[in-house]
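Pull up the model and turn it around a few times before reading on. We'll go from the whole chain down to single residues.

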Amino acid sequence: MKNSTEKWIKTTCAYCGVGCGIEAKANKQGTLDIRGDAEHPANFGKLCTKGLALGETVGHEGRLLSPSVYGKSCDWSHALDFVAKQFNQIIKEHGRHAVAFYVSGQLLTEDYYVANKLMKGFIGSSNIDTNSRLCMSSSVAGHKRAFGADIVPGCYEDIEQAELVILTGSNLAWCHPVLFQRLKAAKAKHNTKVVVIDPRKTASCDIADLHLPLNSGSDVALFNGLLAYLNTHDQLNQAYINNHTEGLDLALAMAEEFSSIENIEVETGLSAEQIVAFYQLFAEHDKTVTIYSQGINQSTSGTNKVNSIINCHLATGRIGLPGSTPFSVTGQPNAMGGREVGGLANMLASHMDFGHPAHHELISQFWQTETLAKEPGRKAMDMFEATEQGEIKAVWVMATNPAVSLPDNQRINRILNQCPLVVVSDCMADNDTLRHAHVKLPAQGWSEKSGTVTNSERRISRQRRLLPTPGEGKPDWWIISEVAKRMGFVEAFQYQHEADIFQEYCQLTTLGNSGANSRLLNLSGLGQLTTEQYHQLKPQQWPVKTLDQPSPRLLSDGQFATPSGKAQFIACPFRPAINQPSRSYPLLLNTGRFRDHWHTMTRTGLSPRLSEHTSEPTVTISLEDASKSQLNCGDIAQLHNQQGQAYFRVNIGQNVKKGNLFTAFHWSDNNTNMGKVTALISPDTDPISGQPEFKHTPVAISPF
Ligand code: SF4
């Protein structure tokens, strides 16, 4: 196939949940020229360093070029037959719950939809979970508890309309850079007040009017304290509370402990002046946006953290109005698309849920299946534990690298090593997970595949095919459908084109004539697109009832997706993180991203200019702790705890507090454990969302 990019083609960035529009064109070097799409409502032409460097990452070096079974290269037909036969055999001998899919926010919505349909609809198990479990599953759980469905009420223009923007657990400057630029520009124009709540002094603090370096894990104490403060200072919006919410009394009773500023000081480590300054800012500004991300979600109390934030917005009626919203921003380019189709083990399909016989019936009829799963499946960490215990005997990993990215990483590697059948679909030929694969299936990468992604503000955008695929790489949806047909599910997976899948998914969102699904999550305006219209599709924010009509602002009518139609306050107990520092492991390790790298660097590592910003794994330590540990800047340090050990270059910086360390999770050298932070992270998870704790790991540090 000839390069299709002799002219500028509109597509979407491969990286973060901002979902920036990109224009790309093939150049004489065989790579892509990249520029921002001035018409895309997420970024209006702006891109960050990662997006701008995408053209440097599309070379064919290191690509997986052909399928293989047990190390032997083979044709597609043999590989697909083998996977289908093995899955059927395992299901026959051990039952439908003995197989599992572990998928990814890197998949396109069409891929995700087909994977979910095969596992839940036809295999009849819900053992499909995703690396989005590590990213924002606490937000999903929080939304469902408060709103009755996983509804994200915010949109990016709220940031420009707000008087006060609170960044909590979000280093927006590095992790969502174009959104940070929008906030910075808004502040320059309207003098928007900015509060940053983060144990570290991050780059986002450059524009902060107030930085609250709270103790790691103490967010619920701070936001319960805010709720109590709003109550005692007569700042509650009683009309909104009476008309649109339920459960305030219980939430206030739970927050009562933090009506004392002294108690908040004890738990958060903040001064009374800092706490009161924050509470006054919140009370004084009706138009408030609270942006939160992995610092809130990746916690053993992540769901309560999310709900403690939402409680404060509900109590003041700051939701569904311009410039007023709690706003979860997602890490991955299509974490939202995966949530929308139901690609989490505890969701059924298209925002419909387990435990609702009507939902079960509607989906069974729509998919024409008698084997639709009836119960939630195993969340990511539980899925691998079940594999360790021999209950799951086949895992198909798609577009992700759990051997590096999951907590308690050495154990995950042992589990994959012992699993009787590991199938991996990936565009790269080598990564830590692929080394455990019995079957390798070459997938298309960004710039080769075609489909849709959804960004943090619910905006569906097209990723378009720009370059030919090297070797025999195929779209993920095609690979899954071919296996499904060979497993015997011929009729349900007869897709000819990704547009067929998108149309089917949009039609599924319209099922039912009442309730949240049809009113809030409806994509009926996209359900009859022709293939040509799909090719030309412009960014659309859901719900989409009519093509090219602006989406209504969500929740502006105060009607929620709960049975009563009212939002729910949630009583959020403050519970310190499960693992606390001890004499043996006295320091607290926090993790996050570096500015110019992405996940396990399989793509950003290909760009020399991105590697210039941070070329090796570093751990940042305070001067006092470095002196105490006899470490100098540039030394190699060993970090260890009961999970394992990893090694980092020492960076002494005053942006971390005494007793805290910070590193990123990008590096993954299995041989040396250099930078391999997941070797240190415990497998403990939030009991509601199943999301692991990445921000609060007790460790010891010593010179290496
Ligand atoms: Fe890509 Fe995110 Fe940067 Fe936008 S902000 S260019 S989506 S990495």
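Here is a walk through the fold, its domains, the ligand site, one helix and two single residues.

Keep in mind from the start that this is a predicted model. Let's begin with the whole thing. The protein has 704 residues, and 60% of them are buried. Its secondary structure comes to 25 helices and 26 strands. Measure along the principal axes and the C-alpha trace spans about 70 × 65 × 55 Å. How does that fit with a compact globule? For 704 residues, a compact globule would have a radius of gyration near 27 Å, and the protein comes in at 24 Å, which agrees. Contacts across the chain tell you something too: of those with a separation of 6 or more, 73% join residues 24 or more positions apart.

Now for the domains. The domain assignment splits the protein into domain 1 (9–57), domain 2 (68–134 + 341–481), domain 3 (137–329) and domain 4 (587–703). Notice that domain 2 is written as two segments, 68–134 and 341–481. Take domain 1 and domain 4 as a pair: their C-alpha centres lie 29 Å apart. The two do touch, with seven residues of domain 1 in contact with eight residues of domain 4. On the domain 1 side of that contact you'll find three nonpolar, two polar and two charged residues.

Domain 1 also brings us to the ligand. Which domains does the ligand lie between? Both domain 1 (9–57) and domain 3 (137–329) give residues to the shell around the ligand, so it lies between them. The shell holds 14 residues, and the closest are Cys13, Cys16, Cys20, Cys48 and Gly51. Two helices, H1 (49–52) and H7 (177–190), each supply at least two of the shell residues. By class, the shell divides into nine nonpolar residues, four polar and one charged.

Next, zoom in on helix H10, residues 248–255. Which of its residues are buried? They are Leu248, Ala251, Leu252, Met254 and Ala255. Look down the axis of H10 and these buried residues fall within an arc of 160 degrees, so they line one face of the helix. Asp249 and Ala253 are exposed, and they sit on the face of H10 turned away from the buried side. What covers the buried residues? The cover includes helix H8 (219–232), helix H9 (238–244), strand S11 (245–246) and helix H14 (302–315).

Two single residues round off the tour. Lys287 is found in the loop between helix H12 (272–284) and strand S12 (288–292). It counts as partly exposed because it has 18 other C-beta atoms within 10 Å, and the buried class needs 20 or more. Leaving aside residues up to four places away in sequence, Lys287 touches Gln161, Ala162, Glu163, Leu164, Gly323 and Ser324. Pro322 is 35 residues from Lys287 in sequence, yet the C-alpha atoms of the two are 7.4 Å apart in space.

His640 lies in strand S23, which covers residues 636–640. With 18 C-beta neighbours inside 10 Å, His640 is partly exposed. Not counting residues up to four places away in sequence, His640 touches Gln645, Val699 and Ala700. Glu504 is 136 residues from His640 along the chain, and their C-alpha atoms are separated by 49 Å.

Key
Residues numbered from 1 in each chain as written. Predicted model: local features only at pLDDT ≥ 70, side-chain atom pairs only at ≥ 80, totals over all residues. Buried ≥ 20, exposed ≤ 12 C-beta atoms within 10 Å, placed from the backbone. Helix = DSSP H or I, 4+ residues; strand = E, 2+ residues; numbered from the N terminus. Arc of directions from axis to C-beta. Near = placed C-beta within 6 Å. Nonpolar A, V, L, I, M, F, W, Y, C, P; charged D, E, K, R; others polar. Domains from an automatic or database assignment. Rg over C-alpha atoms; globule rule 2.2 N^0.38 Å.
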